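Reader: I am new to this structure and would be grateful for a close look at its interior. Please describe the enclosed spaces and the packing around them.

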Amino acid sequence: MTSQHAFQQVDVFSAEPLKGNPLAVVCDADGLSDEQMAAFANWTNLSETTFILKPVSPDADYRVRIFTPNKELPFAGHPTLGTCHVWLSRQENTGRTEVVQECEAGLVRVRVSDGKLAFAAPPLRKSGPVDAETLAKVGAALALSPDAIVNANWTDNGPGWLSLLLRTRKDVLDIKPDYGSLYEGFHVGLVAPCGNDIEADFEVRAFTDGYEDPVTGSLNAGIAQWLIGHGLAPHTYVASQGTVLGRAGRVSVEKIGDDIWIGGAVTVLIEGTVTL
């Protein structure tokens with residue numbers, strides 16, 4: 001038996017259509033099975049598809065399940081902002097300043113300010129230095145000499161991120177990864193200062209499951225916790241991502257008290273219904 005659901009496809013981390021990271025969002029998905037959700041996410045073939053459900057926690061406004069084309073994720077950044085944007089668009093009270101999202105990783109706060117959304121970076125599941133053997137394998141897959149890597153750290157908040165700090169933006173943009181050698185059960189993020197190249201402070205790239213993700217909230221959250229926590233970045237900065245893919249993603253980072261907020265614009269491109 002099929003059912004119809006309100007549906008939106010949005011572009012996250014860009015105010016300009018087609019320059020961010022797309023996300024498919026299915027509303028009122030409580031009646032859908034795990035198999036239906038996974039099949040639709042596989043069919044959209046986007047990096048992530050989300051499903052909005054009623055919350056289980058009394059402290060949450062809604063619950064979200066996040067699927068890639070081949071698995072479910074406990075947390076992801078651009079799906080958090082995109083899903084919250086869609087949920088807010090369906091509420092009568094538009095004066096909200098904070099929303100609480102429930103996902104497999106727990107409760108995530110989302111701040112609403114000046115038409116933009118930002119989520120509070122969740123705790124890292126794995127952090128700290130990268131062992132020499134793993135670092136050597138990653139460096140080889142990226143054709144990086146050991147002295148090209150300034151620093152490295154685990155920055156995993158769910159998807160499994162390992163991040164490398166390189167010297168220059170050009171170093172980041174020039175990378176051509178060997179995906180066959182790169183994937184070892186984790187994903188790799190690159191970051192470097194931009195200098196005076198563009199109106200952003202850092203350039204970021206994300207390599208995951210054999211492809212490059214255009215703009216990645218979870219990776220930027222982990223990188224921000226690492227760089228700010230170690231005094232390698234200011235408490236407020238803007239990251240550029242997606243340049244090599246022809247995108248113009250912009251991720252705002254701001255540390256307020258003990259929280260690091262990861263934000264950006266969300267643009268609706270498609271709106272209607274989907275039959276599942």
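Author: The following account treats the cavities, then the nonpolar cores, and finally one buried residue. The model is a predicted one.

Two cavities of 30 Å³ or more are present in the structure. The largest cavity has a volume of about 150 Å³. Its lining consists of 18 residues, and those nearest the centre of the cavity are Glu 48, Leu 73, Pro 159, Trp 161 and Thr 208. Classed by character, this lining comprises eight polar, six nonpolar and four charged residues. Three elements, namely α2 (77-89), β14 (211-213) and α6, each provide at least two residues of the lining of the largest cavity. The greatest contribution is that of α2, with three residues. Because domain 1 (4-121 + 263-275) and domain 2 (126-254) both give residues to this lining, the largest cavity lies between them.

The second largest cavity has a volume of about 50 Å³. It is lined by Tyr 179, Leu 182, Tyr 183, Phe 186, His 187, Val 188, Phe 207, Thr 208, Asp 209 and Gly 210. At least two residues of this lining come from each of α5 (179-182), β12 (187-193) and β13 (202-208). By class, the lining of the second largest cavity has six nonpolar residues, three polar and one charged. Thr 208 is named among the residues lining the second largest cavity, and Thr 208 also belongs to the lining of the largest.

The nonpolar packing may be considered next. The largest nonpolar core contains 47 residues, and Leu 81, Phe 119, Val 191, Tyr 237 and Ile 262 have the most contacts inside it. Helix α6 (residues 217-229) gives the most to this core, namely seven residues. Both domain 1 (4-121 + 263-275) and domain 2 (126-254) give residues to this core, and therefore the core lies between them. A second core, separate from the largest, has 20 residues, including Val 138, Ala 141, Ala 148 and Trp 154.

A single residue completes the account. Asn 153 is found in strand β10, which spans residues 149-156. Asn 153 counts as buried because its relative accessibility is 6%, and the limit for a buried residue is under 20%. Leaving aside residues up to four places away in sequence, Asn 153 touches Ser 127, Gly 128, Pro 129, Val 130, Leu 162, Ser 163 and Trp 226.

Note on methods: Residues numbered from 1 in each chain as written. Predicted model: local features only at pLDDT ≥ 70, side-chain atom pairs only at ≥ 80, totals over all residues. Heavy atoms only, no water. Helix = DSSP H or I, 4+ residues; strand = E, 2+ residues; numbered from the N terminus. Buried < 20%, exposed > 50% of the residue type's maximum accessible area, 1.4 Å probe, protein only. Contact = heavy atoms within 4.5 Å. Core = buried A, V, L, I, M, F, W, Y, C linked by side-chain atoms within 4.5 Å. Domains from an automatic or database assignment. 1 Å grid on protein atoms, 1.4 Å probe; cavity = no way out; pocket = protein on both sides within 12 Å on 5 of 7 lines; lining within 4 Å. Points joined across faces, edges and corners; volume = space filled by probe spheres on them. Nonpolar A, V, L, I, M, F, W, Y, C, P; charged D, E, K, R; others polar.
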